[in-house]
Amino acid sequence: MWYNLFVQIKTLELTNFRNYSSARLNLDGGLNVLIGKNAQGKTNLLESIYFAGLGHSARTPREKELIKWETALARVKAALLRRDGERSIEMILPNSGKKTVKINNLPIKRLGELMGELPLVYFSPDELRLVKEAPSDRRRFLDIDISQLSKVYFYSLQRYNKILAQRNALLKQKKDKVTTKQTISIWNEALAKNGANVILARLQFLNELKIQAAKIHAKLTNNKEKLEIFYSGLVGGAAGELVEKLQAAYVKSFEKDYELGFTTVGPHRDDLILKVNGADIRAYGSQGQQRTAALSLKLAELEIFKAQYGEYPVLLLDDVLSELDETRANQLLKAINGIQTILTCTSFNYKVDYPYKLFTIEGGKIAKQETKQNGY
């Protein structure tokens, strides 16, 4: 099935990735359901798509874990169909040496070149961390999305993190305080410039996110709840003014930074505040409210990507339906109609009013691929 406005993964090929020795999936442009018992490899398939789209795993920072035990390398290849034609992404991860990323069979030099080639949104029960856990989870949410929308942001964030590491290394040396203060001014200037770019891009993204998420949340809750999102950090003014504010903040925090051995202010410490009906959902929201807010944010991502690209991203849903009641599960399945979605579950007993493709996963193998018509 072909949806001429959307990005689509036509085929996905795996070699020695996690528990797959070899696998090939011919995916539909709409809903693709991966069913099977636990620990058969359903989530591994989603992880491989995430790896191809973003260049790293959603589950582990240790990439060697992606390579099947006692094999030399792992390989993931995705053939894509987009409005601008056919494209391919290939990831080659050896047991020794660096990974290779190829776009249309040509190796790329910088990972930033991969951003936006396969736009995707990933949602799993673990994504509840986005709402109820540490600020780092919410910053990660922002950084992943905006990096896919803007290579400029990706590189600004990279530079910011590199300079931040250098500033922190200087603080940890515990040299003479006067000398450290004089030297650190060099890092303050560079850090403020890139930090301002990061904050301004986050605020621009957030302006759209809060609108879309509020609409979706109201729909999911039958207008019983109002979702609001706020940015917690140093904001205000144009780029130049924000640079000056950041520099002043780094100077002001020097004594504290010197004592602690790390930088305590800046976009690497910022957060999102989520409120439902005026109450901070992290502190006062029920698990159901937190889950609905997280789902609202994820569905809002789809609309932001659509506005940017003119096409929806690929949606990866890992065991999400089991976390929703029947009403919200049906609302979700209705909302994703026409968006290429790869969904995992142990069983699929929902009736949807559009065709979908069903894959049965057993022990790292695709046991069966079949097309279902009108929910049957």
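**A mixed sheet, a helix pair and two hairpins**

Mentor: In this predicted model, six strands make up an open sheet with mixed pairing, and their order across the sheet is 8-12-13-3-14-15.

Trainee: Which strands are at the edges?

Mentor: The edges are strand 8 (120-123) and strand 15 (365-372), each of which pairs on one side only. Averaged over the sheet and with direction ignored, neighbouring strands are turned by 15° against each other.

Trainee: And in what sense do strand 12 and strand 13 pair?

Mentor: Strand 12, residues 314-318, and strand 13, residues 341-345, pair in the parallel sense over four bridges; if you want a place to look, L315 has T341 of strand 13 as its bridge partner.

Trainee: Which strands does helix 9 touch when it packs on the sheet?

Mentor: Helix 9, which covers residues 287-309, touches strand 8 and strand 12 as it packs there, and its direction makes about 175° with that of strand 8.

Trainee: Moving on to helix 5, how do the axes of helix 5 and helix 9 cross?

Mentor: Helix 5 spans residues 177-220, and its axis comes within 8 Å of that of helix 9, with a crossing of roughly 125°. Because of that angle, helix 5 counts as oblique to helix 9, and the crossing of the two helices is right-handed.

Trainee: Which residues make that contact?

Mentor: From helix 5 the contact residues include F205, L209, I216 and L220, along with E208 and H217, while helix 9 contributes, among others, Q289, L295, L299, E303 and I304. By class, the residues of this contact divide into eleven nonpolar, five polar and two charged.

Trainee: Different topic: how many residues does the hairpin from strand 4 to strand 5 run through?

Mentor: That hairpin joins strand 4 to strand 5 through two residues. Strand 4 (residues 73-82) and strand 5 (residues 85-94) pair in the antiparallel sense over ten bridges, and within this pairing L81 stands opposite E86 of strand 5.

Trainee: What holds strands together in general, then?

Mentor: Strands of a sheet pair through backbone hydrogen bonds, and they can do so either parallel or antiparallel.

Trainee: How many bridges join strand 5 to strand 6?

Mentor: Four bridges join strand 5 to strand 6, residues 100-103, and these two strands run antiparallel; here I89 stands opposite I103 of strand 6.

Trainee: Which residue takes a positive phi in that hairpin?

Mentor: Look at G97, whose phi is positive and near 95°, in the hairpin of strand 5 and strand 6, where five residues lie between the strands.

Key
Residues numbered from 1 in each chain as written. Predicted model: local features only at pLDDT ≥ 70, side-chain atom pairs only at ≥ 80, totals over all residues. Heavy atoms only, no water. Pairing = 2+ DSSP bridges. Axes fitted to C-alpha atoms, helices over the stretch in contact; angles between N-to-C directions. Contact = heavy atoms within 4.5 Å. Parallel < 35°, antiparallel > 145°, perpendicular 65-115°, else oblique. Left-handed = near helix turned anticlockwise from the far one by under 90°. Nonpolar A, V, L, I, M, F, W, Y, C, P; charged D, E, K, R; others polar.
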